[in-house]
Amino acid sequence: RESLHYTLRASDAWGESGHAGIAAKILAVDRPRGLVTMLLRGEPGATYPSHRHTTPEECYVIRGRIRIGDLELQAGDFHHADSDSDHDTILVLESAEVLLVGAIADYLPA
């Protein structure tokens, strides 16, 4: 039987996100609900392309500053996007780290 618990350490490796200047750390994958919980870390000037959400998405800025369209978010800010909504390009203004919960299909298509 698989373990019902696991731990990731702060020192565990970050992986590629598929976008220059943005690293990702997968924290949890909930296949029955189709959700992934992950950390994204961006360097200043890095961009994450515009995209459509297939499920609601939640984003909490841990540190730094990002811009989503005309909306600027900084450490401590929370952003929610409903299912079937579009996100403008995300620009990293200041080295940033965000906690993201969104659709597996949107972030881990493979």
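Student: Which residue forms a salt bridge with Glu72?

Tutor: A salt bridge here means a side-chain nitrogen of Lys or Arg within 4 Å of a carboxyl oxygen of Asp or Glu. The closest N and O atoms of Glu72 and its partner are 2.6 Å apart, and that partner is Arg65.

Student: What should I know about the model itself?

Tutor: It's a predicted model, where local features need pLDDT of at least 70, side-chain atom pairs count only at pLDDT 80 or more, and totals for chains, interfaces and linings use all residues. Residues are numbered from 1 along each chain as its sequence is written, and side-chain values use heavy atoms, with hydrogens and water left out.

Student: Is Glu72 buried, partly exposed or exposed?

Tutor: Buried means under 20% relative accessible area, exposed means over 50%, and partly exposed is in between (1.4 Å probe, protein chains only). Glu72 has 38% relative accessibility, so the class is partly exposed. Its partner Arg65, at 26%, is also partly exposed.

Student: Which residues are linked with Arg65 in a network of salt bridges?

Tutor: Glu72 is already familiar as a salt-bridge partner of Arg65. The network that holds Arg65 also takes in Arg67, Glu72 and Glu94.

Student: How many salt bridges are there by this rule?

Tutor: Another one to look at joins Glu97 and Arg41, with the closest N and O atoms 3.3 Å apart. Glu97 lies in strand β10 (residues 90–103) and Arg41 in strand β3 (residues 35–42), so the pair ties together parts 56 residues apart in sequence. Strands are DSSP runs (E, at least two residues), and helices are runs of H or I with at least four, numbered from the N terminus. By the salt-bridge rule, the count comes to seven.

Student: Where does Arg63 lie, given that Glu97 is in strand β10?

Tutor: The side chains of Glu97 and Arg63 meet in a salt bridge (3.7 Å, N to O). This pair links distant parts of the chain, 34 residues apart, with Arg63 in strand β6 (residues 57–68).

Student: Is Glu97 buried or exposed?

Tutor: Arg41 is partly exposed, at 33% relative accessible area, and Arg63 is partly exposed at 33% too. Glu97 has 12% relative accessibility, so this residue counts as buried.

Student: Which side chain makes a polar contact with the side chain of His79?

Tutor: His79 sits in strand β8 (residues 78–81) and is buried at 16% relative accessible area. A polar contact is a pair of N or O atoms within 3.5 Å; within protein, one must be able to donate a hydrogen and the other to accept it, and residues adjacent in sequence count only if both atoms are side-chain atoms. At 3.3 Å, the partner of His79 is His87.
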